[in-house]
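Reader: I would like to learn how to read a few features here. Please take me through them one by one.

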Amino acid sequence: MATPCVFCGAAAFYRLFLGGRVSLTRRQGVWKAAAAELQTDTGFQILRLRHTTGVTTKKNVAALRRETYTVDFIKKQIEEFNIGKRHLANMMGEDPETFTQEDIDRAIAYLFPSGLFEKQARPVMKHPEQIFPKQRAIQWGEDGRPFHFLFYTGKQSYYSLMHEAYGKLLEAEKRQSQLQAKGLFSEKTETKDLIGSRWLIKEELEEMLVEKLSDQDYAQFIRLLERLLTLHCGAEEEFVQRFRRSVTIQSKKHLIEPVQYDEQGMAFSTSEGKRKSAKAEAVVYEHGSGRIKVNGIDYLLYFPVTQDREQLMFPFHFLDRLGKHDTTCTVLGGGRSSQAGAIRLAVARALCSFVTEEEVEWMRQAGLLTADPRVRERKKPGQEGARRKFTWKKR
Amino acid sequence: MQCRTDLGLCVAFPPSPVTRSGTQKAAFVGSSWPAKMAAPAGKVARGWSVLALTLRTAVPRLPGLTQVRWSRYSPEYRDPQTDKEYYRKPLAELTEEEKCEQELRKTQLIKAAPAAKTSSVFEDPVISKFINMMMKGGNKVLARSLMTQTLEAVKRKQFEKYHAASAEEQATIERNPYTIFHQALKNCEPVIGLVPILRGGHFYQGPGSLRIHQPPPPRPATPLPFRPRCCVVPVPLPARRRRFLAMKWMLTECREKKHRRTLMPEKLSHELLEAFHNQGPVIKKKHDMHKMAEANRALAHYRWW
């Protein structure tokens, strides 16, 4: 009989009954598997532990309080980070002066390879500003008087920002009314960069102000900024631009396949497409008569269903090039509809090489260039299918 | 987890599930799944589909975006526009709004076009919706073939009538099955609907709906002269609800009220033609709904929205 290792720490002694009832109050932190072993040779039954855990019964009150970092501590961390960065650069044989954050990430991934799925659990080396949350310095002096005049509102940064914005609004209105009185007021054109940028989101604003905001506060602030924008005053533009972030133009992200040439000098383009578990590869020739061959078989015979053939024709019909290209495709996996969808995506991507940028953007907006992410949802235990539950019986 | 079973005693421990949520819930069958499935919006239940591809990113709430919990797309994805003519319009013809919208669409992510949608001129969104509603068990092929057979049957019947009619009547006979279909469904759409409203602790479905063996529930204090028992309140219906009801009634009528030997296209074409002429059981159902709404007109003030 193996001697059970009794955990030292009287509080962490499990008493297990045959009913398997575990004291729920002891579940703190990580709970490793515990087993019981009956000891019968002494004549009375004592349940002893084989494996034990380091769990205390008392709640760790200190850990629940939010950790505050002093300014000196952060400074020290920054120094250590910089020194560590130089060491890392030397280790990797790179120049310490031009060692960027991406180089650091690559070096850490190389030196500490991790197979963990959760990206945030992997080892990381970043500037302390990004790791330690931004905290406020003490807001009051030695005499206890707060520095900021809006301290007692509770949200001093937010209200001071609103105050500033409203002040600017009043100035702009005053200027406008002065211009109108003089008769020099003219209707200005709208700012064009409204499309390429978006307002700051609430989380970004919170980060900027180092303060918690409510949804109504955020909405109020954005409304005020929009009112400022309608007044078209040049002086306030920079103030408003601080709260706008640019939005990427999506079509630039697409990779257009280069056109290749075969032995006869015919131009063609190859591309791949996926849908559910079907994978397709399509070769679209620049000049042809609209024939489509799938896995060596004519598409009329391979896809007897009209809907699938319509899907194959969709990219060509959309670009008005129905009878102008020859296509050869290979497709594996999936069912009939997903094979058709995979070929459609492959053909659309291949056609991008023969077509203008504007038409590529049109195809993207028609949904031809997006890979469909929908897959079959798994069945869950306790249910009959992915969503369907078992028949509910009252008793 | 080892447990000694030689003595016939087994101490059963619930296996601790591999969750990332940090809470320790035993994975008993049927108990904690609803809680797990109610994960915060924007996150797939990671403990179960770790390797599943997902387009969903942790998107904070932006104005104008509704998070759809069960969609594989992130909320910022927009629906695709498959109409060719929309893109071929020359720049001069566009209004300011349309230009703005076009610029905006360049920055938006677009979903993939569904498998039933093309840029074809023969495609009709109403017909597609009707086919989907007619479909059973995912058998789209059958539903679509039934639809084409129905439209063919409608066309044949109309042509027979056309050839049998005199010259003046020929002008009035509509032969295009698509216009007949649209007009029939439009005729079947109800204008006003009924909604049961909670009153006195119970939802009343109609006059005399209380069961006899139940004691009558305590009623809140209402003015003496008029105390309506039934609270089915007339309510204006939004457009999509009306279209849905029209199609639903048509399909229910054709599925249930036909002879066993008659086929769906035959019955459906017959019903469509009757509805086109404002006759038939579906139109009658619409009129019944309107009459009920008219009868309960006095309760309309119970509506608060």
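Reader: Is B:Lys267 buried or exposed?

Author: Buried means under 20% relative accessible area, exposed over 50%, and partly exposed in between (1.4 Å probe, protein chains only). B:Lys267 has a relative accessible area of 16%, so this lysine is buried. This is a predicted model: local features need pLDDT of at least 70, side-chain atom pairs count only at pLDDT 80 or more, and totals for chains, interfaces and linings use all residues. Residues are numbered from 1 along each chain as its sequence is written, chains are lettered from A and ligands numbered from 1 in the order in which they are written, and side-chain values use heavy atoms, with hydrogens and water left out.

Reader: Which side chain meets B:Lys267 in a salt bridge?

Author: Side chains of opposite charge can pair when their charged atoms come close. A salt bridge is a side-chain nitrogen of Lys or Arg within 4 Å of a carboxyl oxygen of Asp or Glu. Here B:Lys267 meets B:Glu271, at 3.1 Å from N to O. B:Glu271 is buried, at 2% relative accessibility. Both residues lie in helix H9 (residues 264–276) of chain B, four residues apart, about one turn of the helix. Helices are DSSP runs (H or I, at least four residues), strands likewise (E, at least two), numbered from the N terminus.

Reader: How far along the helix are B:Glu152 and B:Arg156 separated?

Author: By about one helical turn, because they are four residues apart in helix H5 (residues 140–164) of chain B. Their side chains form a salt bridge, 3.1 Å from N to O. B:Glu152 is partly exposed at 40%. B:Arg156 is exposed at 54%.

Reader: What are the accessibilities of B:Arg297 and its partner?

Author: B:Arg297 pairs with B:Glu294 in a salt bridge, the closest N and O atoms being 2.8 Å apart. The arginine is exposed at 56% relative accessibility. B:Glu294 is partly exposed at 47%. In chain A, salt bridges that share partners join A:Lys202, A:Glu206, A:Lys212 and A:Asp215 into one network. Over all chains, the search finds 31 salt bridges.

Reader: How many disulfides does a search of the whole structure find?

Author: A disulfide is a covalent bond between the sulfur atoms of two cysteines. The test is a pair of cysteine sulfur atoms within 2.5 Å. The search finds zero over all chains. Take two cysteines: A:Cys329 is buried at 2% relative accessibility, and B:Cys100 is partly exposed at 40%.

Reader: Which residues of helix H8 of chain A are buried?

Author: In H8 (residues 234–241), they are A:Glu236, A:Phe239 and A:Val240. Seen down the helix axis, they fall within an arc of 95° (directions from the axis to the C-beta atoms), so they line one face of H8(A). The face turned away carries the exposed A:Gly234 and A:Glu238. The buried residues pack against helix H5 (156–182), strand E3 (197–199), helix H7 (215–230) and strand E4 (244–246) of chain A. Contact means heavy atoms within 4.5 Å.

Reader: Which residues form the nonpolar patch on the surface?

Author: Patches are made of residues with over 30% relative accessible area and no salt bridge; like charges are joined within 9 Å, nonpolar side chains (Val, Leu, Ile, Met, Phe, Trp, Tyr) within 5 Å. The residues are A:Met91, A:Met92, A:Tyr110, A:Leu111 and A:Phe112, with about 550 Å² of accessible area together. Areas come from the Shrake-Rupley method with a 1.4 Å probe; for residues, only the protein chains shown count as cover. A:Leu111 is partly exposed at 35%.
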